[in-house]
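Student: Could you walk me through how to read a model like this one, starting with its empty spaces? I would like the general idea each time, and then the case at hand.

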Amino acid sequence: MKKLWYTVAMSKLMNIQQFQTNLSQWYAAFGRDLPWRHTHDPYAIWVSEIMLQQTQVDTVKNYYIRFLETLPDIRSLADADEDLVFKLWEGLGYYRRVRHMQEAARQMMSDYNGIFPDTYDEIIKLKGIGAYTASAISSIAFGREKGVVDGNTLRILSRIYNLQDNIAQDKTKKAFQILMDELIRGTDPSIFNQAMMDLGAGICTPRKPDCEHCPVQDFCEARATGTEGLLPVNIKNTSKTDLYYITAILKKEDKYFLVKNKEGLLENLYAFVQYEVESPVSFEETFYENYGMSVRLYEYCKEIKHVFSHRIWHMNVYIGEISDTSVPLDYEDCFYTEDELSELPISTAHRKVYALR
Ligand code: SF4
C-alpha cells in the first residue's frame, strides 16, 4: 500500500524542479525572519528546534535568545548547573526536553569532543532527538538532503497529492518521509525545509488555506478537486487521563514549602506538595507520613485545570500552614521566601497555583 500510493504520488508530480523553484522563490520573498534563521550553527538550530516542539514561534523567540546568551555552546550546556538550565526553560513546558538536551550535550562532549555530529544517522542517536529534529538540524546546519516531516509537511503533501492516508499513523509518516526525501533532492535542503515550514504556518494552514497566494497551487490536486478543506485525514486516539489532586500552598512563617521532583512528568522542577487524595484530612495525614511534620489546611482557593499531552491535572488548591516548630533535617532546605521562590524553576501548572496565594 505504501509503495502503491508513493508511486502514484510521485508520478503525479511531474516537475519536481519547478515545485522546488516556486517554493524557494516564494521563501526568498516571504519567508519569516526568525532569530534562528541567521545562523547555521547546529547548536543554535538544535536549541530552536527543541523549543519549537509544542511551543508557538512568538513565545520561543525570547527564550531562544536568552538561552543562547547564557549557554552559548555545547560545553556551557553540558557544564551548566541543572537549576539554571531549568530556570531558562521555565514556562516553556515539557521539561523533559531540556533535561534530554543537557544529556545530549554531555554525550557530545564525551563522544564527539564537543563538536556537533554532522550526519542524520549520528544526530538521531543523541538523547531527545527524533526524526524531525534530526532532519531539521542535518538539513539546515549541514545541508543534508533530509526532509522534515511534521504536521505542516504532512498537511501540505496530503493536499498536494490529494491523499486520504491518516497522518496520525506511524506507517503514513514513514511513507511521507520517503516522499519528502525525494522532493528535497537536488535543491538547497535548508531552504526547502524552511520554506515548507513557512508555507504550512502561513499559507497552507489547517483551516482556510490561502490557496490564492500559494506558490505551489499549480501542483495541488486538492485545490483542483476542491478537497483542501477535508485534508489531511488526522484521526487520533486521544484518550487523556484525568488526575485529581489536592495541592497545598504550605507556609511556615514567611516561607513556602516546595520540593524538587525527583522523577515523573515534571522531573527536576520545584513543586507544591500534591496528592491524589479525597479530602484535606487525608492530605494532612499523607503529608505527615511523608515528611514527619504536622500541617493544617485552612482555606480552599479553587480548582486549577492543567492539560498535558496525555493527561489532565485537576488541582484543588488549598492554603495551609506547617505548625511544627522543628523541621526534620532532610527538609530544612525546602522552605523558600518569595524572592527565592521566584528564582526556582517551577512548572507552569505550579506557577498558576502560586498565583492564588
Ligand atoms: S493550493 Fe492551497 S491546499 Fe494546495 S498546497 Fe497550496 S495552500 Fe495548500
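**Reading the spaces and the backbone**

Tutor: Let's begin with the lining of the second largest cavity, which consists of F86, Y95, R96, R99, G264, L265 and E267. On a 1 Å grid over the protein atoms alone, a cavity is a set of points where a 1.4 Å probe fits but cannot get out, a pocket is an open set with protein on both sides within 12 Å along at least five of seven lines, and lining residues have an atom within 4 Å of a point. This is a predicted model, so local features need pLDDT of at least 70 and side-chain atom pairs count only at pLDDT 80 or more, while totals for chains, interfaces and linings use all residues. Residues are numbered from 1 along each chain as its sequence is written, and side-chain values use heavy atoms, with hydrogens and water left out.

Student: Why roll a probe at all?

Tutor: A probe the size of a water molecule, rolled over the atoms, shows where empty space is left.

Student: How much space lies in the second largest cavity, and how does its lining divide by class?

Tutor: The second largest cavity holds about 30 Å³ (grid points are joined across faces, edges and corners, and the volume is the space filled by probe spheres set on them). Its lining has three nonpolar, one polar and three charged residues. Ala, Val, Leu, Ile, Met, Phe, Trp, Tyr, Cys and Pro count as nonpolar, Asp, Glu, Lys and Arg as charged, and the others, Gly among them, as polar.

Student: How many cavities of 30 Å³ or more does a search of the whole structure find?

Tutor: The search finds two. The largest cavity has about 90 Å³ of space and 13 lining residues, with C204, P209, C211, C214 and C220 nearest its centre. Helix α10 (residues 151-160) gives the most to this lining, namely three residues. By class, the lining of the largest cavity divides into nine nonpolar, one polar and three charged residues.

Student: Where does the ligand sit?

Tutor: The ligand takes up the space of the largest cavity (a molecule sits in a cavity or pocket if more than half of its atoms lie within 2 Å of its grid points). Around the ligand are R159, I160, I203, C204, P209, C211, C214, Q217, C220, R223 and E228 (each with a heavy atom within 4 Å). This shell has seven nonpolar, one polar and three charged residues.

Student: With those cysteines in view, how many disulfides does a search of the whole structure find?

Tutor: Zero, where a disulfide is a pair of cysteine sulfur atoms within 2.5 Å. As for accessibility, buried means under 20% relative accessible area, exposed over 50%, and partly exposed in between (1.4 Å probe, protein chains only). C214 counts as buried because its relative accessibility is 13%, whereas C301 is partly exposed because its value is 22%. Of the 357 residues of the protein, 51% count as buried.

Student: Now for an open space: what is the volume of the second largest pocket?

Tutor: The second largest pocket has a volume of about 530 Å³. It is lined by 24 residues, and V259, K260, N261, K262 and E263 are the closest to its centre. The elements that each supply at least two lining residues include β1 (241-252), α14 (280-291) and β7 (311-322), while β5 gives the most, with three. Helices (H or I, at least four residues) and strands (E, at least two) are DSSP runs, numbered from the N terminus. The lining of this pocket has 15 nonpolar, five polar and four charged residues.

Student: And the backbone? Which residues does a cis peptide bond join?

Tutor: That bond joins L231 and P232, with omega about 0 degrees. P232 is in the loop between α13 (221-225) and β1.

Student: What should I notice about phi in Q54 and Y94?

Tutor: Check its sign in residues that are not glycine. Q54, not a glycine, has a positive phi of about 70 degrees and lies in the loop between α3 (42-52) and α4 (57-70). Q54 is exposed because its relative accessibility is 58%. Y94, also a residue other than glycine, has a positive phi near 45 degrees, in the loop between α6 (82-89) and α7 (96-111). Y94 counts as partly exposed because its relative accessible area is 34%.

Student: Finally, what are the overall dimensions of the C-alpha box?

Tutor: Along the principal axes, the C-alpha atoms fill a box of roughly 80 × 45 × 35 Å, and the protein has 16 helices and eight strands. For a sense of scale, the C-alpha atoms of I178 and L250 are 54 Å apart, with their positions 72 residues apart along the chain.
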